[in-house]
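Colleague: I would like to learn how to read a structure one feature at a time. Could we start with a single residue and work up from there?

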Amino acid sequence: MENEALSALQQKLKQERIIHSANDLQIGDIIYVELDRHDGLTLNGDYSVRLKYVVVAGSKNNQKEFAVVLINSDADFSNDPEWRAEQYPLLGDNYHGVLEHDSWVDCTDPKEIPLRKMKAKQAEKVGCLLPHDLNQIMKILKNSDFVDTHFKKVYQILSFETM
């Protein structure tokens with residue numbers, strides 16, 4: 001009986017986190033979503049999809065597509081110092097219930113995710129960046145030579161007010 005109640009509560013909480021519309025999303029939200037190669041994800045082995053944590057970094061004016069940056073558990077896969085400078089550390093202790101350990105936000109390669117895909121994949125809003133982390137990530141994205149200026153304009157990254 002106790003297990004059934006716990007399971008029902010977990011399902012209720014999950015349903016509350018599912019993204020239903022653009023109104024459910026803000027810059028800095030942490031989303032848990034299934035991504036594939038069509039989203040620009042590099043997949044190894046037999047994987048055709050991966051569940052990933054991403055951070056909303058911007059949106060088109062019509063809010064039908066969002067720019068997101070990936071949260072990775074490891075940033076040791078490149079020796080390029082310019083690339084490594086655009087990997088922002090997130091401390092796991094600051095994101096209990098979301099991150100199990102320290103992670104990295106990859107600000108070199110934002111992905112475009114349509115709202116309809118987030119809805120179809122039942123993406124979950126699982127948290128939000130702390131203001132300091134959000135400001136630092138947005139500064140990196142604004143100043144990034146890896147991210148095309150047109151992309152920054154289309155997804156309103158350049159107009160984000162950092163402190």
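Modeller: Start with Gln63, and keep in mind that this is a predicted model. Gln63 is partly exposed, because its relative accessible area is 31%, and a residue counts as buried under 20% and as exposed over 50%. Gln63 is found in the loop between S2 and S3.

Colleague: What is the phi of Gln63?

Modeller: The phi of Gln63 is positive, about 55 degrees, although Gln63 is not a glycine. Gln122 is another case: its phi is positive too, at about 50 degrees, and Gln122 is not a glycine either.

Colleague: Where does Gln122 lie, and is Gln122 buried or partly exposed?

Modeller: Gln122 lies in the loop between helix H3 (115–120) and strand S7 (124–128). With a relative accessible area of 42%, Gln122 is partly exposed.

Colleague: Next, the inside. Which residues have the most contacts inside the largest nonpolar core?

Modeller: The general idea comes first. In soluble globular proteins, nonpolar side chains tend to be buried together. Here the largest nonpolar core has 24 residues, and Leu90, Val105, Leu129 and Leu141 have the most contacts inside it. Two or more residues of this core come from each of S2, S3, strand S4 (87–90) and helix H4 (131–143). H4 gives the most, with 5 residues. There is also a second, separate core of 17 residues, which includes Ile31, Val54, Val56 and Phe66.

Colleague: What is Leu90 in contact with, leaving aside its neighbours within four places in sequence?

Modeller: Leu90 is then in contact with Ile71, Tyr95, Leu99, Asp102, Ser103, Val105, Leu129 and Asp133.

Colleague: Leu129 is in that list. Is Leu129 buried or exposed?

Modeller: Leu129 counts as buried, because its relative accessibility is 6% and the limit for buried is under 20%. The place of Leu129 is in the loop between S7 and H4. Not counting residues up to four places away in sequence, Leu129 touches Gly28, Ile30, Val55, Leu90, Tyr95, Leu134 and Ile137.

Colleague: How many residues apart in sequence are Leu129 and Asp29?

Modeller: They are 100 residues apart in sequence, and their C-alpha atoms are 6.3 Å apart in space. Compare the two numbers whenever you read a pair of this kind. Asn143 and Glu86 are 57 residues apart in sequence and 9.7 Å apart in space, C-alpha to C-alpha. Asn143 has its place in helix H4 and is exposed, with a relative accessible area of 61%.

Colleague: How many Å apart in space are Leu158 and Leu51?

Modeller: From C-alpha to C-alpha they are 28 Å apart, with their positions 107 residues apart in sequence. Leu158 is found in the segment after helix H5 (149–154). Leu158 is partly exposed, at a relative accessible area of 35%. Not counting residues up to four places away in sequence, Leu158 touches Lys142, Thr149, Lys152 and Lys153.

Colleague: Now the cysteines. How many disulfides does the count come to?

Modeller: The count comes to 0 disulfides. The test is a distance: two cysteine sulfur atoms must be within 2.5 Å. The sulfur of Cys107 has its closest cysteine sulfur in Cys128, 15 Å away, so the two are too far apart for a bond.

Colleague: Is Cys107 buried or exposed, and what about Cys128?

Modeller: Cys107 counts as buried, at 0% relative accessibility, whereas Cys128 is partly exposed, with a relative accessible area of 41%.

Colleague: Last, the empty space. What is the volume of the largest pocket?

Modeller: The general idea is this. Rolling a probe the size of a water molecule over the atoms shows where empty space is left. In this structure the largest pocket has a volume of about 640 Å³. Its lining has 26 residues, and the closest to its centre are Arg50, Lys52, Ile71, Asn72 and Ser73.

Colleague: Which elements give two or more residues to the lining of the largest pocket?

Modeller: They are strand S2 (49–59), strand S3 (65–72) and strand S5 (103–106). S2 gives the most, with 4 residues.

Colleague: How many residues of each class does the lining of the largest pocket have?

Modeller: There are 11 nonpolar, 8 polar and 7 charged residues in the lining.

Definitions and conventions
Residues are numbered from 1 along each chain as its sequence is written. This is a predicted model: local features need pLDDT of at least 70, side-chain atom pairs count only at pLDDT 80 or more; totals for chains, interfaces and linings use all residues. Side-chain values use heavy atoms; hydrogens and water are left out. On a 1 Å grid over the protein atoms alone, a cavity is a set of points where a 1.4 Å probe fits but cannot get out, and a pocket is an open set with protein on both sides within 12 Å along at least five of seven lines; lining residues have an atom within 4 Å of a point. Grid points are joined across faces, edges and corners, and a volume is the space filled by probe spheres set on the points. Ala, Val, Leu, Ile, Met, Phe, Trp, Tyr, Cys and Pro count as nonpolar, Asp, Glu, Lys and Arg as charged, and the others, Gly among them, as polar. Buried means under 20% relative accessible area, exposed over 50%, partly exposed in between (1.4 Å probe, protein chains only). A nonpolar core is a set of buried Ala, Val, Leu, Ile, Met, Phe, Trp, Tyr and Cys residues joined through side-chain atoms within 4.5 Å. Contact means heavy atoms within 4.5 Å.
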